[in-house]
Amino acid sequence: MLRWSITFLVIAIIAAVFGFGGIAGTAAGIAEILFYVFIVLFVISLIFGRRSKV
């Protein structure tokens, strides 16, 4: 998921350099959403992954 977020961020930067504002904004928005989803899933996996199994 983090890889997809970075990919969309790179697409947004390249599109912004070439002057495609709409595409850059959309790609940046998608990258931001994917990044937040990644952070939430990462925190959940940390919380549930630390339970001791007795």
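Let's start with one residue, Ala 31, which has its place in helix 2. Keep in mind that what you are looking at is a predicted model. Is Ala 31 buried or exposed? Its relative accessible area is 5%, and because anything under 20% counts as buried, Ala 31 is buried. So what does Ala 31 touch, once residues up to four places away in sequence are left out? The answer is Ser 5, Phe 8 and Leu 9. You can also check Ala 31 against Val 10: they sit 21 residues apart in sequence, and their C-alpha atoms are 9.2 Å apart in space.

Now hop over to one of those partners, Ser 5, which lies in helix 1. Ser 5 counts as buried too, with a relative accessibility of 6%. Leaving out residues up to four places away in sequence, Ser 5 touches Ala 31, Leu 34 and Phe 35.

Time to zoom out to the helices themselves. Two packed helices are described by the angle between their axes and the distance between the axes. Here, helix 1 covers residues 2–17 and helix 2 covers residues 21–49. Their axes come within 8 Å of each other and cross at roughly 160°. Angles over 145 degrees count as roughly antiparallel, which means helix 1 is roughly antiparallel to helix 2. As for its handedness, the crossing of the two helices is left-handed.

Which residues make this contact? From helix 1 come Leu 2, Trp 4, Ser 5, Phe 8, Leu 9, Ile 11, Ala 12, Ala 15 and Ala 16. Helix 2 brings Ile 23, Ala 24, Ala 27, Ala 28, Ile 30, Ala 31, Leu 34, Phe 35 and Phe 38. Sort the residues of this contact by type and you get 17 nonpolar, 1 polar and no charged.

Let's look at helix 2 on its own for a moment. It has 29 residues and reaches 41 Å from its first C-alpha to its last, close to the 42 Å expected at 1.5 Å a residue. The buried residues of helix 2 are Ala 24, Ala 27, Ala 31 and Leu 34. Look at the numbers in that list with a simple rule in mind. An α-helix has 3.6 residues a turn, so residues three or four places apart point the same way. And where do the buried residues of helix 2 pack? They pack against helix 1.

Being part of the contact is one thing, and being buried is another. Take Ile 11, which lies in helix 1 and is one of the contact residues. Ile 11 is partly exposed, with a relative accessible area of 38%. Its C-alpha is separated by 8.6 Å from that of Ile 23, which is 12 residues away along the chain.

Phe 38, found in helix 2, tells a similar story. Phe 38 is partly exposed, with a relative accessible area of 24%. Not counting residues up to four places away in sequence, it touches Met 1 and Leu 2. Phe 38 and Trp 4 are 34 residues apart in sequence, yet 10.0 Å apart in space from C-alpha to C-alpha.

Finally, take a look at Gly 22, which also lies in helix 2. Is Gly 22 buried or exposed? At 54% relative accessibility, Gly 22 counts as exposed, because the cut-off for exposed is over 50%. Gly 22 and Arg 3 are 19 residues apart in sequence, and their C-alpha atoms are 22 Å apart in space.

How values were computed. Residues numbered from 1 in each chain as written. Predicted model: local features only at pLDDT ≥ 70, side-chain atom pairs only at ≥ 80, totals over all residues. Heavy atoms only, no water. Axes fitted to C-alpha atoms, helices over the stretch in contact; angles between N-to-C directions. Helix = DSSP H or I, 4+ residues; strand = E, 2+ residues; numbered from the N terminus. Parallel < 35°, antiparallel > 145°, perpendicular 65-115°, else oblique. Left-handed = near helix turned anticlockwise from the far one by under 90°. Contact = heavy atoms within 4.5 Å. Nonpolar A, V, L, I, M, F, W, Y, C, P; charged D, E, K, R; others polar. Buried < 20%, exposed > 50% of the residue type's maximum accessible area, 1.4 Å probe, protein only. Expected span 1.5 Å × (residues − 1).
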